[in-house]
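Subject: Structure handover

Hi,

Here is the structure I promised to pass on. My notes on it follow below, with the cut-offs spelled out as they come up.

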Amino acid sequence: MAGTSSGVVAALTAAAVGVVGVLAYQASATVPPGLGGRASASAAPGAPAAKAPRDRRHPTALPNSSGTGERVVYSVDDDRVWLVSERGRVERTFKVNPGTVDPPVGTYWVTSRSKAVTGTDGLPIEHVVRFTTTKDGSAIGFSAVTARRATEPPDPTVRTGGIRETRRDGDAMWNFATIGVKVVVIR
């Protein structure tokens, strides 16, 4: 009887491991490319990225060549963000204060979020939406400072990838940019 029980347990264990393996494979097959935080291939490494065309009469208009579908568009040259619906309609646009580390131009996906933490500059922040990490480990993402010093420029001696928003804009980003939402970084 002991031999039969151990055989049943071994068979059930093997079946469970097989099911977990199949589910893991199916889950990995449905992850959008780049969700791991790396930029998609959009330009040769080290090549300067061209600035996306702008409408000179409407400087806050969504730049051409900023992707399609639901996405967050971030211009590192203009320090501006656009929240774009699935149909390509701009839901909101606003200015931001970049950190000392800019993300490379490319396409990313939101990989993690935190309701409230302390930023690398020591300031309390909320509604943190991260989309990539630099080679040296600096997280790049959007956040809103909850302290009074929110409008001060970042300390240039501190490496921070925090792209700072107002609290109202941070609320909008938090509600829009859930895990897996595309983030397009342009010049």
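Along the sequence, the protein chain runs α-β-β-β-β-β-β-β-β-α-β, giving two helices and nine strands. Helices (H or I, at least four residues) and strands (E, at least two) are DSSP runs, numbered from the N terminus. Please keep in mind that this is a predicted model: local features need pLDDT of at least 70, side-chain atom pairs count only at pLDDT 80 or more, and totals for chains, interfaces and linings use all residues. Residues are numbered from 1 along each chain as its sequence is written, and side-chain values use heavy atoms, with hydrogens and water left out.

Of the 187 residues in the protein chain, 34% are buried (under 20% relative accessible area, with a 1.4 Å probe and protein chains only). Among contacts (heavy atoms within 4.5 Å) between residues at least 6 apart in sequence, 55% join residues at least 24 apart.

The largest nonpolar core (buried Ala, Val, Leu, Ile, Met, Phe, Trp, Tyr and Cys residues joined through side-chain atoms within 4.5 Å) has 23 residues, and Val72, Val81, Phe142 and Met173 have the most contacts inside it. At least two residues of this core come from each of β1 (71–75), β2 (80–84), β6 (124–133), β7 (139–145), α2 and β9 (182–186). Helix α2 gives the most, with four residues. A second, separate core of five residues includes Val73, Trp82, Val84 and Val184.

Glu165, in strand β8 (residues 161–165), may catch your eye. This residue is buried yet has no salt bridge, and the nearest side chain of opposite charge, Arg164, is 8.1 Å away. A salt bridge here is a side-chain nitrogen of Lys or Arg within 4 Å of a carboxyl oxygen of Asp or Glu; for charge, Lys and Arg count as positive and Asp and Glu as negative, while His and the chain ends are not counted. Leaving out residues up to four places away in sequence, Glu165 touches Phe142, Met173 and Gly170, among others.

Gly170 belongs to helix α2 (residues 167–176) and is buried, with a relative accessible area of 0%. Beyond residues up to four places away, Gly170 touches His127, Ala144 and Glu165.

Lastly, the charged end of Arg113 sits over the ring of Trp174, 3.7 Å from its centre (the criterion is NZ of Lys or CZ of Arg within 6 Å of the ring centre and within 35 degrees of the ring normal).

Best wishes

Key: Buried < 20%, exposed > 50% of the residue type's maximum accessible area, 1.4 Å probe, protein only.
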